[in-house]
Amino acid sequence: MVPLITIFIAVAIQAGLINREIITDEGQVEFFQQARSLLLIFSFTWFIIVAIRIAKNQFLKQFDVTTADNLRARKFYTQFNIIERISIFVVIL
């Protein structure tokens, strides 16, 4: 939910303040453009991280770790947790 709110704030900054020329000072326009860019980057990054976690959880629902012979399930849990962490690291970079 927060990523969507930040996207809406970024769009509002662009549409409301800059395009309608409410703010005309170059320094303030540059500040708001940078703020808009940072908000967009932040929200898309957060959205991708949430999507990665949802996809991992959906995939891991197939494997039951509560059974007696759960070696295969634990193996997949470990592998996908590592893949999730690496993916999040790459997205943040």
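These legends accompany an overall view and four close-ups of a predicted model.

**Overall view. Three helices and no strands make up the secondary structure of the protein.** From the N terminus on, the order of elements is α-α-α. The protein has 93 residues, and 22% of them count as buried. Its accessible surface comes to about 7100 Å². Carbon and sulfur atoms account for 66% of that surface. Take the contacts between residues at least 6 apart in sequence: 55% of them join residues at least 24 apart.

**Close-up 1. Residues 36-55 carry a UniProt annotation.** The record, an unreviewed entry, labels this span "transmembrane region". In the model the span is 100% helix and 0% strand. Its end C-alpha atoms lie 28 Å apart.

**Close-up 2. Five side chains build a nonpolar surface patch: Val 2, Phe 42, Trp 46, Val 50 and Ile 54.** Together they have about 420 Å² of accessible area. Helix H2, residues 26-60, supplies the largest share of the patch, with 4 residues. Ile 54 is a patch member and sits in helix H2. Its relative accessibility is 49%. Ile 54 therefore counts as partly exposed, because that class runs between the 20% and 50% cut-offs.

**Close-up 3. Pro 3 in helix H1 is in contact with residues far along the chain.** Helix H1 covers residues 2-19. Beyond its neighbours within four places in sequence, Pro 3 is in contact with Ser 43, Trp 46 and Phe 47. One of these partners, Trp 46, also belongs to the nonpolar patch. The C-alpha atoms of Pro 3 and Ile 41 are separated by 9.8 Å. Along the chain, these two residues are 38 residues apart. Pro 3 has a relative accessibility of 7%, so it counts as buried. The cut-off for that class is under 20%.

**Close-up 4. Lys 56 of helix H2 pairs with Glu 84.** A polar contact of 3.1 Å joins the two side chains. With neighbours within four places in sequence set aside, Lys 56 is in contact with Phe 80, Asn 81 and Glu 84. Glu 84 thus appears both in this contact list and in the polar contact. Is Lys 56 buried or exposed? Lys 56 counts as buried, because its relative accessibility is 14%. Ile 54, in helix H2 as well, counts as partly exposed.

Definitions and conventions: Residues are numbered from 1 along each chain as its sequence is written. This is a predicted model: local features need pLDDT of at least 70, side-chain atom pairs count only at pLDDT 80 or more; totals for chains, interfaces and linings use all residues. Side-chain values use heavy atoms; hydrogens and water are left out. Patches are made of residues with over 30% relative accessible area and no salt bridge: like charges are joined within 9 Å, nonpolar side chains (Val, Leu, Ile, Met, Phe, Trp, Tyr) within 5 Å. Accessible areas come from the Shrake-Rupley method with a 1.4 Å probe; for residues, only the protein chains shown count as cover. A salt bridge is a side-chain nitrogen of Lys or Arg within 4 Å of a carboxyl oxygen of Asp or Glu. Helices (H or I, at least four residues) and strands (E, at least two) are DSSP runs, numbered from the N terminus. Buried means under 20% relative accessible area, exposed over 50%, partly exposed in between (1.4 Å probe, protein chains only). UniProt positions are given in the numbering used here, feature names are shortened, and annotations may be inferred rather than shown by experiment. Contact means heavy atoms within 4.5 Å. A polar contact is a pair of N or O atoms within 3.5 Å; within protein, one must be able to donate a hydrogen and the other to accept it, and residues adjacent in sequence count only if both atoms are side-chain atoms.
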